[in-house]
Amino acid sequence: ENEWQLNEISFMLYVLSEIDQGDPGRTSTLYDVRERLGLYGKAFLAMTLANLQPEGSDDPRVSTLLDDLFGAANITATSAWWQEDSIDFRSLNTDTRTTAIVLAAFVKLDPQQPILPRVVRWLMETRQAGHWSSTQETAWALIALTEWLKVTGELRGEYGWTVTLNNDELGSGNVTPANITEIVTLRAQVADLLRDETNALRIDRTGNQGRMYYNTYLRYTLDASEVEARDHGVVLDRRFALAESVSENISDNNAEATQTEVPERHITTAKVGDVISVTVTIVAPTDLYHLLIEVPIPAGTEPIDPNLATTSDIFTDPRMVTEGEEEPVGPSWWRYWVPSYTDIRDDKLAVFATFLPAGTYEYTFNVRASLPGEFRVLPAYAEQIYFNEVWGRSAGETFTVTP
């Protein structure tokens with residue numbers, strides 16, 4: 001059997017065990033080849049084995065599978081999730097679906113596992129506009145989170161809370177089943193923070209019924225030229241290069257235009273009318289999903305859209321290539337799907353990639369200098385849309401356009 005078929009068998013055996021029609025023989029056979037299962041297949045198998053045991057008895061195979069799943073978790077300071085080695089398209093699986101199924105397994109079999117609150121937070125962060133990106137993700141996320149609510153008794157939450165910053169109260173209140181879904185937002189100005197000492201944010205609560213969730217953010221504004229590059233799972237670098245002069249040979253009935261090769265030297269100044277090549281280098285240490293890359297351009301330039309009828313044929317479509325190569329990224333069956341979509345705007349290009357395999361890539365497009373002045377250019381920025389803790393940016397800079 002192929003691996004995707006084994007995953008489907010694991011799901012079918014789980015469903016049968018849920019309706020008291022379990023098949024111990026086939027379940028044991030599947031356990032013997034568990035290394036060929038995906039992570040969500042192992043989660044289904046663990047729940048199946050637990051369902052097959054008489055009440056009050058334990059199956060050591062369940063613990064083995066849960067240990068395997070725990071060892072495969074991606075854990076950060078605030079979140080935890082699971083990433084499959086490959087996407088199981090035949091089963092409509094995604095890493096979000098896998099994470100939800102594994103969460104359901106742990107809630108059912110080991111609800112005291114310390115990483116579960118982090119998994120819940122990750123699942124909540126992957127929502128977009130209040131929902132997940134597919135029916136499969138939504139269904140399994142709701143199943144897992146509903147079971148989590150039952151185990152933790154969160155809807156019966158009843159406690160008091162107080163938030164202080166440097167011993168000054170920011171807010172306080174009481175949570176009851178009647179207001180448990182209400183969100184409270186507290187703010188403090190950066191100017192009010194201590195400059196030469198550590199700022200202490202303290203959250204206290206009274207009462208142990210239910211869980212308290214909170215997020216903290218620090219937002220501040222810098223001059224774009226002072227912003228440094230950052231790597232939080234994606235590495236970005238942006239460079240501007242001056243395209244050499246565009247010549248036009250006009251005959252009686254036609255015009256032919258040619259553009260010479262773009263030099264690699266990074267520039268910070270250009271003249272009005274110059275064509276500037278913008279190249280973004282993206283380093284993906286791991287496979288990235290639903291990646292958004294935004295590339296701001298100097299305010300004194302405008303993007304060249306090759307799809308417009310008024311644009312010369314010398315300008316080709318923007319494209320992403322593996323660094324140092326001329327061919328589009330990825331294996332032959334995938335390369336023409338990356339990027340998934342490009343949105344050319346007045347102030348930036350937004351590039352979307354549903355899936356970007358681990359590697360180093362370059363994305364190049366052209367802009368034209370149109371307005372003289374000195375301009376601050378915001379950094380290029382990338383993030384996984386459904387898990388924006390994985391992000392990166394280039395450095396900000398100053399760019400000058402001369403008359």
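**Exercise 1. The end of helix H1**

Task: Find the residue just after H1 that takes a positive phi, and state the angle.

Solution. The residue is Asp20, which sits just after H1 and has a positive phi of about 60°. The model is predicted, and local features are reported where pLDDT is at least 70.

**Exercise 2. The buried side of H1**

Task: Describe the length of H1, then work out where its buried residues lie and what they pack against.

Solution.
Step 1. H1 runs over residues 3-18, which makes 16 residues. From first C-alpha to last it reaches 23 Å, close to the 22 Å expected at 1.5 Å a residue.
Step 2. The buried residues of H1 are Leu6, Asn7, Ser10, Leu13, Tyr14 and Ser17. Around the axis they cover an arc of only 120°, so they are on the same side of H1.
Step 3. These buried residues pack against three helices: H2 (24-32), H3 (39-52) and H7 (135-152).

**Exercise 3. The two faces of H2**

Task: Which residues of H2 are buried, and which exposed residues are on the face turned away from them?

Solution.
Step 1. Thr27, Leu30 and Tyr31 are buried in H2. Seen down the axis, the buried residues fall within an arc of 105°, so they line one face of the helix.
Step 2. The face turned away from this buried side carries Arg26, Thr29 and Asp32, which are exposed.
Step 3. The cover over the buried residues of H2 includes H1, H3 and helix H4 (60-71).

**Exercise 4. An aromatic pair between helices**

Task: Classify the ring pair of Phe44 and Trp140, and place it in the chain.

Solution.
Step 1. The structure has 12 aromatic pairs by the rule used here. In the pair of Phe44 and Trp140, the ring centres are 5.3 Å apart and the planes make an angle of 65°. Planes over 60 degrees apart count as edge-to-face, and the pair is therefore edge-to-face.
Step 2. Phe44 belongs to helix H3 and Trp140 to helix H7, so the pair links parts of the chain 96 residues apart.
Step 3. Phe44 has 0% relative accessibility and counts as buried. Trp140, at 10%, counts as buried too.
Step 4. Ring pairs also join Phe44 and Trp140 with Phe11, Tyr14 and Tyr40 into a cluster.

**Exercise 5. Salt bridges within a helix and between strands**

Task: For the salt bridges Arg121 with Glu125, Arg238 with Glu397 and Glu362 with Arg239, give the N to O distance, the location and the burial.

Solution.
Step 1. The whole structure holds 12 salt bridges.
Step 2. Between Arg121 and Glu125 the closest N and O atoms are 3.6 Å apart. Both residues lie in helix H6 (residues 116-125), four residues apart, or about one turn of the helix. Arg121 is partly exposed, with a relative accessible area of 22%, and Glu125 is partly exposed at 22% as well.
Step 3. Between Arg238 and Glu397 the closest N and O atoms are 3.3 Å apart. Arg238 is in strand S7 (residues 235-242) and Glu397 in strand S21 (residues 397-402), so the pair ties together parts that are 159 residues apart in sequence. Buried means under 20% relative accessible area; Arg238 is buried at 4%, and Glu397 is buried at 13%.
Step 4. The side chains of Glu362 and Arg239 meet at 3.5 Å, N to O. Glu362 is in strand S17 (residues 359-369) and Arg239 is in strand S7, 123 residues apart. Both Glu362 and Arg239 are buried.
Step 5. Salt bridges that share partners also join Asp223, Glu374 and Arg376 into one network.

**Exercise 6. The surroundings of Thr400**

Task: Is Thr400 buried, partly exposed or exposed, and which residues is Thr400 in contact with beyond its neighbours within four places in sequence?

Solution.
Step 1. Thr400 lies in strand S21. Its relative accessible area is 24%, which makes Thr400 partly exposed.
Step 2. Beyond those sequence neighbours, Thr400 is in contact with Thr268, Thr269, Ala270, Gly373 and Glu374.
Step 3. The C-alpha atoms of Thr400 and Pro298 are separated by 8.4 Å, and the two residues are 102 residues apart along the chain.

**Exercise 7. A hairpin**

Task: Describe how strands S3 and S4 pair, and find the turn residue with a positive phi.

Solution.
Step 1. S3 (residues 158-165) and S4 (residues 168-175) pair in the antiparallel sense over seven bridges. One of the bridge partnerships is that of Leu165 with Asp168 in S4.
Step 2. The two strands form a hairpin with two residues between them. In the turn, Asn166 has a positive phi of about 55°.

Note on methods
Residues are numbered from 1 along each chain as its sequence is written. This is a predicted model: local features need pLDDT of at least 70, side-chain atom pairs count only at pLDDT 80 or more; totals for chains, interfaces and linings use all residues. Side-chain values use heavy atoms; hydrogens and water are left out. The expected span of a helix is 1.5 Å times one less than its number of residues. Buried means under 20% relative accessible area, exposed over 50%, partly exposed in between (1.4 Å probe, protein chains only). The arc is that of the directions from the helix axis to the C-beta atoms. Contact means heavy atoms within 4.5 Å. A salt bridge is a side-chain nitrogen of Lys or Arg within 4 Å of a carboxyl oxygen of Asp or Glu. Two strands pair if DSSP finds at least two bridges between them. Rings of Phe, Tyr and Trp (its six-membered ring) pair if their centres lie within 6.5 Å; planes under 30 degrees apart count as stacked, over 60 as edge-to-face and the rest as tilted.
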